[in-house]
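Work through the exercises below with the model open. Each task is followed by its solution.

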Amino acid sequence: MDEFKEKRERLIERLRHELELSDKVVEAMKKVPRHLFIPPAYRSEAYVDTPLPIGKGQTISAPHMVAIMCELLDLKKGDKVLEVGAGCGYHAAVVAEIVGREGKVIAIERIPELAETAKRNLEALGYDNVKVVVGDGSKGYEKEAPYDKIYVTASAPKIPEPLIEQLKVGGKLVIPVGDFTQHLYVVEKDEKGKIKKENWGAVRFVPLVGEHGFED
Ligand code: SAM
């Protein structure tokens, strides 16, 4: 077994016990080589449970946060998912493993250079069920809506209305909200279009910048 794979398996097994992860999230995270989404200078830290710089002042999310968000979304095979904040593409790859080839992930990123990196990383690993687009994801991505699941990897001032609109009935949205103090919310939409909101707890994310986010 190569050195990276061994470290990855050790980290994911530790997270499985600490966070009581489901087998599907564990298997997906064991398959995705996080070190290949990280700039070479930080590669040796790829399997430490921490966010790391990916350029342009942005970060790759910590593995425990990727795992928690995947669990909260209750991802299923065949789900159509919108990710707001593609970064380097790592989280999208984990979600793509879970939804499988019958599912689809649309990953939107506002910084064109990062979107290009995400696209390159995902293509190199053969993730043809992920489409990376450049744009302001605080407005969602109308062209492919509605979505079974939506998750946001940057913190919003409040839950953007277009994301609720673009969610299917019975769908789930996971989003950090807040500025200095941030909380992760799980939002569910019922048959009447009514919203149920649950606060999972305190988190730390980079800001969501855009029309329904913070100012640049
Ligand atoms: N998903 C990434 C991963 O795989 O680890 C982590 C992404 S990073 C924590 C958050 C990303 O959100 C940054 O790349 C940032 O540029 C992006 N972002 C911020 N505001 C955005 C917006 N309005 N639309 C799309 N992306 C946005």
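**Exercise 1: Polar contacts of the ligand**

Task: Find what lies 2.9 Å from a nitrogen atom of the ligand, then look for other backbone partners.

Solution. Start at Gly85: one of its backbone N or O atoms is 2.9 Å from a ligand nitrogen. The model is a predicted one. Next take Val209, where a polar backbone atom lies 2.6 Å from a nitrogen atom of the ligand. Then take Arg110, with a polar backbone atom 3.3 Å from a ligand nitrogen. The cut-off for a polar contact is 3.5 Å. Now turn to area. The ligand alone exposes 600 Å², and the protein buries 99% of that.

**Exercise 2: The shell**

Task: Which residues come nearest to the ligand, and what classes make up the shell around it?

Solution. Locate the site: the ligand sits in the largest pocket. Count the surroundings: 25 residues. Ser61, His91, Glu109, Gly137 and Val209 come nearest. Sort the shell by class: eleven residues are nonpolar, ten polar and four charged. Map the shell onto elements. Strand S2 (58-60), helix H4 (90-99) and strand S4 (104-109) supply at least two residues each. S2 gives the most, with three.

**Exercise 3: The overall chain**

Task: Why does the radius of gyration of the chain agree with a compact globule?

Solution. List the elements: the chain has six helices and nine strands. Take the length, 216 residues. A compact globule with that many residues would have a radius of gyration near 17 Å; the chain has 16 Å, so the two agree. Finish with the extents: along the principal axes, the C-alpha atoms fill a box of roughly 50 × 35 × 35 Å.

Conventions: Residues are numbered from 1 along each chain as its sequence is written. This is a predicted model: local features need pLDDT of at least 70, side-chain atom pairs count only at pLDDT 80 or more; totals for chains, interfaces and linings use all residues. Side-chain values use heavy atoms; hydrogens and water are left out. A residue is near a molecule or strand if one of its heavy atoms lies within 4 Å of it. A polar contact is a pair of N or O atoms within 3.5 Å; within protein, one must be able to donate a hydrogen and the other to accept it, and residues adjacent in sequence count only if both atoms are side-chain atoms. Accessible areas come from the Shrake-Rupley method with a 1.4 Å probe; for residues, only the protein chains shown count as cover. On a 1 Å grid over the protein atoms alone, a cavity is a set of points where a 1.4 Å probe fits but cannot get out, and a pocket is an open set with protein on both sides within 12 Å along at least five of seven lines; lining residues have an atom within 4 Å of a point. A molecule sits in a cavity or pocket if more than half of its atoms lie within 2 Å of its grid points. Helices (H or I, at least four residues) and strands (E, at least two) are DSSP runs, numbered from the N terminus. Ala, Val, Leu, Ile, Met, Phe, Trp, Tyr, Cys and Pro count as nonpolar, Asp, Glu, Lys and Arg as charged, and the others, Gly among them, as polar. The radius of gyration is taken over C-alpha atoms; the globule rule is 2.2 Å times the number of residues to the power 0.38.
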